[in-house]
Every structure is written in structure tokens, then in C-alpha cells.
Amino acid sequence: MGLEIVEEEVNAALPLPLMSLNHVSFVCRSVSRSVKFYEEVLGFVSIKRPSSFNFHGAWLFNYGVGIHLLQCNSPDDVPKKKGVINPKDNHISFQCSDINLLKRKLKEMGIEYVTAVVEDSGIQVDQLFFHDPDGYMVEICNCENLPMLPLSSCPLKFPYPKDPILSSLYDGKGLPKFQCRPCGAEAECVIMENLVTDMMDISF
């Protein structure tokens with residue numbers, strides 16, 4: 001009995017074997033129209049979809065995440081498109097290095113959008129919200145400006161440790177180049193140190 005209890009405690013302490021977000025899925029009134037939107041507006045690329053599916057749909061991929069579109073059986077299966085863009089609605093969000101470029105593109109394509117600004121400890125995040133053809137909301141932001149600070153001791157898992165952006169965190173000598181912010185500095189340092197350590201373990 002004692003051994004069983006120990007095994008349960010060890011298993012409970014193991015992290016979940018999750019790796020990253022794989023895809024989001026949307027039921028559409030017109031798959032072809034939605035494919036055109038995600039390709040032309042957001043730069044997604046159509047990819048092969050398993051042939052075993054017995055319903056119409058499409059798979060797209062870019063930026064490390066997939067979008068799966070499913071043809072609805074009836075227009076009633078898709079929520080009615082809202083006339084007002086509400087940033088508090090459910091949405092998917094993409095980080096962007098040039099919000100103004102996206103604004104110009106949306107204006108040229110005649111796509112309505114609203115903007116918002118979030119601030120915390122002197123850090124500003126710009127947000128851009130708009131709807132896809134079925135009314136599902138999309139956000140574009142520069143949320144990477146905000147430090148990732150956990151509210152508990154539960155460790156965060158960083159995907160893609162070999163990503164070229166993440167590899168820029170340390171110099172040619174293998175030492176971290178980051179500097180911790182005054183606010184929540186200790187927590188942020190722990191996160192970044194763990195990240196760099198994981199990267200070094202993989203590289204050797």
C-alpha cells in the first residue's frame with residue numbers, strides 16, 4: 001500500500017505531456033469564403049486534409065498554429081454575425097510586429113475594425129479587433145511587450161526552444177542577455193533562467 005501511495009504522489013507531480021496549441025476550429029457558412037479570408041487577410045496557407053472525413057471542410061496553417069474550417073449543416077448552426085465588434089467576445093489573437101501595417105491592409109480591404117490599448121506598469125499593448133466572414137473575432141496585438149509572470153508556483157512550459165527568436169536571448173558566450181524588470185523581477189528572472197537553461201541543455 002505504501003508503494004502505491006508513493007507512485008501516485010510521483011505521478012501527480014509530473015507535468016502534463018502537452019506541447020503547444022495545435023489548432024482552432026470554426027463552423028462556417030461557406031468554407032471557401034472563409035478560406036479566402038484567412039489566406040488573403042491573415043496569410044494562412046491551405047494544407048492537405050485527411051481524406052477520411054465525410055464532411056466538407058478545410059485546413060490551414062501558419063505561425064505555428066492551424067485553423068480548421070467545417071462546413072455547417074444548416075445556417076442556424078453558425079451564430080449570427082454581430083453588428084458591433086466587442087473586444088470582450090471570444091476571439092483568437094495573433095502577435096504582430098507592425099499594427100499600423102495591418103490597419104492599412106484592413107482599410108484597403110474594406111474590413112471594419114476597432115482598436116484598444118492596454119497598459120500595465122508603464123507598458124503599453126496595442127490591440128486591433130475585427131470579424132471573419134462568420135462573425136468570429138480576430139485580435140492582432142503586440143502582447144509580447146508584457147512580461148509573462150505566473151501568479152502561482154506552477155512552472156510555465158515554453159514551446160519551440162530552438163526558435164531563432166528565443167535563441168537570441170543569450171550572447172555568443174551562452175550567457176543570457178535579458179534584464180529583469182523592477183516589477184515582478186524575481187518571478188520573471190526565474191522564468192527566463194529556466195528557459196535559457198532548457199535551451200542550453202538541448203544544445204549540448
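Against which strands do the buried residues of α2 pack? In this predicted model, the strands in question are β1 (23–28), β2 (45–47), β3 (57–62), β4 (65–71), β7 (123–131) and β8 (137–141). Helix α2 spans residues 31–40, and its buried residues are V31, S34, V35, F37 and Y38. These residues lie on the same side of α2 because the arc they cover around the axis is only 160°.

Four of the strands contacted by α2 belong to an open sheet with the order β1-β4-β3-β2 and mixed pairing. The edges of this sheet are formed by β1 and β2, each of which pairs on one side only. From one strand to the next, the twist averages 30°. Helix α2 packs on the sheet through contacts with β1, β2, β3 and β4, and the direction of α2 makes about 160° with that of β4.

Within the sheet, β2 and β3 run antiparallel and are joined by three bridges. Among the residues involved, S46 has L60 in β3 as its bridge partner, and I47 is partnered by W59, also in β3. The pairing of β3 with β4 is likewise antiparallel and extends over six bridges; in one of these, A58 is matched with L69 of β4. A hairpin is formed by β3 and β4, with two residues between the strands. In the turn of this hairpin, Y63 has a positive phi of about 60°.

Technical notes
Residues are numbered from 1 along each chain as its sequence is written. This is a predicted model: local features need pLDDT of at least 70, side-chain atom pairs count only at pLDDT 80 or more; totals for chains, interfaces and linings use all residues. Side-chain values use heavy atoms; hydrogens and water are left out. Buried means under 20% relative accessible area, exposed over 50%, partly exposed in between (1.4 Å probe, protein chains only). The arc is that of the directions from the helix axis to the C-beta atoms. Contact means heavy atoms within 4.5 Å. Two strands pair if DSSP finds at least two bridges between them. Axes are lines fitted to C-alpha atoms, for helices over the stretch in contact, and angles run from 0 to 180 degrees between N-to-C directions.
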